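Me: I should like to discuss a structure with you through a series of questions. Please reason briefly in each reply and end on the value or name requested.

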Amino acid sequence: MSDRVEVTGKEVDKLYERLNREAEASGYHLNTDVEHTKDLVEGLLVNEKRYGYWACPCRLAEGIKEKDLDIICPCDYRDPDLNDYGTCYCALYVSQAVLKGEKNLGSIPERRPSSEERKRAKPKSIAKGVSSLPLPVWRCKVCGYLCAREDPPEVCPICKAKKERFERFI
Amino acid sequence: MEMKHVKGKNKGNIMMYALSTCGWCKKTKRLLNEMGVEYDYTDVDLLEGEEKAKAMEELEHWNPRRSFPTLVINNECIVGYQEEKIKEAIGA
């Protein structure tokens, strides 16, 4: 059995405050069910200590960063799930409609492809026909932010996803 | 496979595949505890090696997407935290 990882209430509160601040600053919202949200923040901290990164607390991580990249919070599936269901898979993030109480929350279907499907998926090809552009265009896989520069930024200025979550778009 | 047993009223065979870090799994455990029913669960993220593989294989039999929580109540499978469905299946 894996060693139990301990996280203090203080660590949870600190990260909760930070995520809340960052979310509100860029048009995202944390779930106002604070008990649930803090449970998830605790899960993120446990996974950080266990795997070295914020693997989604509601999915089983493989523990190999490269294979878990798509489920590092905020995951690649958050924004489409916010659009379709008003909540991300674990319900750490919710939409404005949920915030206003126009929509009720519950478990939503898993959008992440199965491990077999993920193995089969080919990387997206880069859009052609604009090869005369002076710089490559990078796309954040989490929120869709685009920027034209030699390399992607260290952290996405919109959703705070790290550099490795960017793909070459053009 | 390591199973944790929670004592309570016997409402048949209730088994839950969970993750120790998962918010919906915690909500489901809280619901079962509030209902005061007897159940078994395993936190798959705390298992290792063969035990973990065996648990995932077993889970796949019930829920091919292998997502959490998966609840098996008297051979009926409920995926996700679905309060009404869980209460109905338990007969509360």
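Me: Is A:K65 buried, partly exposed or exposed, and which class does its relative accessibility give?

Reply: The model is a predicted one. The relative accessibility of A:K65 is 36%. Partly exposed residues lie between the cut-offs of 20% and 50%, so A:K65 counts as partly exposed.

Me: Which residue forms a salt bridge with A:K65, and where does that residue lie?

Reply: The closest N and O atoms of the pair are 3.0 Å apart, and the rule accepts a separation within 4 Å. A:K65 belongs to helix α3 of chain A, and its partner lies 99 residues away, in the loop between β4 (146-148) and β5 (166-168). With 34% relative accessibility, that partner counts as partly exposed. The residue is A:E164.

Me: Which parts of chain A does the salt bridge of A:K49 and A:E11 tie together?

Reply: The closest N and O atoms of A:K49 and A:E11 are 3.2 Å apart. A:K49 is partly exposed at 44% relative accessibility, and A:E11 is partly exposed at 28%. The two residues are 38 apart in sequence, so the bridge ties together helix α2 and helix α1 (residues 9-25) of chain A.

Me: Are A:R78 and A:D79 buried or exposed?

Reply: These residues form a salt bridge in which the closest N and O atoms are 2.9 Å apart. The cut-off for a buried residue is under 20% relative accessible area. Both A:R78 and A:D79 are buried.

Me: How many salt bridges does the search find over all chains, and how many of them cross the interface of chain B and chain A?

Reply: A search of the whole structure gives 21 salt bridges over all chains. Across the interface of chain B and chain A, the rule finds four.

Me: Which residue of chain A forms a salt bridge with B:R30?

Reply: The closest N and O atoms of this pair are 2.9 Å apart. B:R30 also belongs to a network of salt bridges with A:E35 and A:D39. The partner in the bridge with the 2.9 Å separation is A:D39.

Me: What is the area buried between chain B and chain A?

Reply: The contact takes 24 residues from chain B and 28 residues from chain A. B:T21, B:W24 and B:L46 supply 32% of the area that chain B buries against chain A, more than any other three residues. Carbon and sulfur atoms give 49% of the total, which is about 2100 Å².

Me: Which helix gives the most residues to the side of chain B that touches chain A?

Reply: There are ten residue pairs in polar contact between chain B and chain A. On the chain B side, α1 (23-35) and α2 (49-62) each supply at least two residues. By class, the residues of that side divide into nine nonpolar, five polar and ten charged. The helix that gives the most, with five residues, is α1(B).

Me: What radius of gyration does chain A have?

Reply: Chain A has six helices and five strands, and its C-alpha atoms fill a box of roughly 50 × 40 × 30 Å along the principal axes. Buried residues make up 42% of its 170 residues. For a compact globule with 170 residues the radius would be near 15 Å, and chain A agrees with this at 17 Å.

Me: Which residue of chain B is in contact with A:R59?

Reply: A:R59 is located in the loop between α2 (34-51) and α3 (65-68) of chain A. Its relative accessibility is 5%, so A:R59 counts as buried. Beyond its neighbours within four places in sequence, its contacts include A:I71, A:Y89 and A:E110. The contact from chain B is B:L19.

Me: Which residues does a cis peptide bond join in chain B?

Reply: Most peptide bonds are trans. In chain A, a cis bond with omega of about 0° joins A:C73 and A:P74, and A:P74 lies in the loop between α3 and α4 (78-85). In chain B, a cis bond with omega of about -10° joins B:F68 and B:P69.

Me: What phi does B:N75 have?

Reply: Most residues other than glycine have a negative phi. B:N74 has a positive phi of about 45° and is partly exposed, with a relative accessible area of 40%. B:N75 lies in the loop between β4 and β5 of chain B and is exposed, with a relative accessible area of 63%. The phi of B:N75 is positive, at about 70°.

Definitions and conventions: Residues are numbered from 1 along each chain as its sequence is written. Chains are lettered from A and ligands numbered from 1 in the order in which they are written. This is a predicted model: local features need pLDDT of at least 70, side-chain atom pairs count only at pLDDT 80 or more; totals for chains, interfaces and linings use all residues. Side-chain values use heavy atoms; hydrogens and water are left out. Contact means heavy atoms within 4.5 Å. Buried area is the accessible area (1.4 Å probe) that two parts lose on being put together, summed over both. A salt bridge is a side-chain nitrogen of Lys or Arg within 4 Å of a carboxyl oxygen of Asp or Glu. A polar contact is a pair of N or O atoms within 3.5 Å; within protein, one must be able to donate a hydrogen and the other to accept it, and residues adjacent in sequence count only if both atoms are side-chain atoms. Helices (H or I, at least four residues) and strands (E, at least two) are DSSP runs, numbered from the N terminus. Ala, Val, Leu, Ile, Met, Phe, Trp, Tyr, Cys and Pro count as nonpolar, Asp, Glu, Lys and Arg as charged, and the others, Gly among them, as polar. The radius of gyration is taken over C-alpha atoms; the globule rule is 2.2 Å times the number of residues to the power 0.38. Buried means under 20% relative accessible area, exposed over 50%, partly exposed in between (1.4 Å probe, protein chains only).
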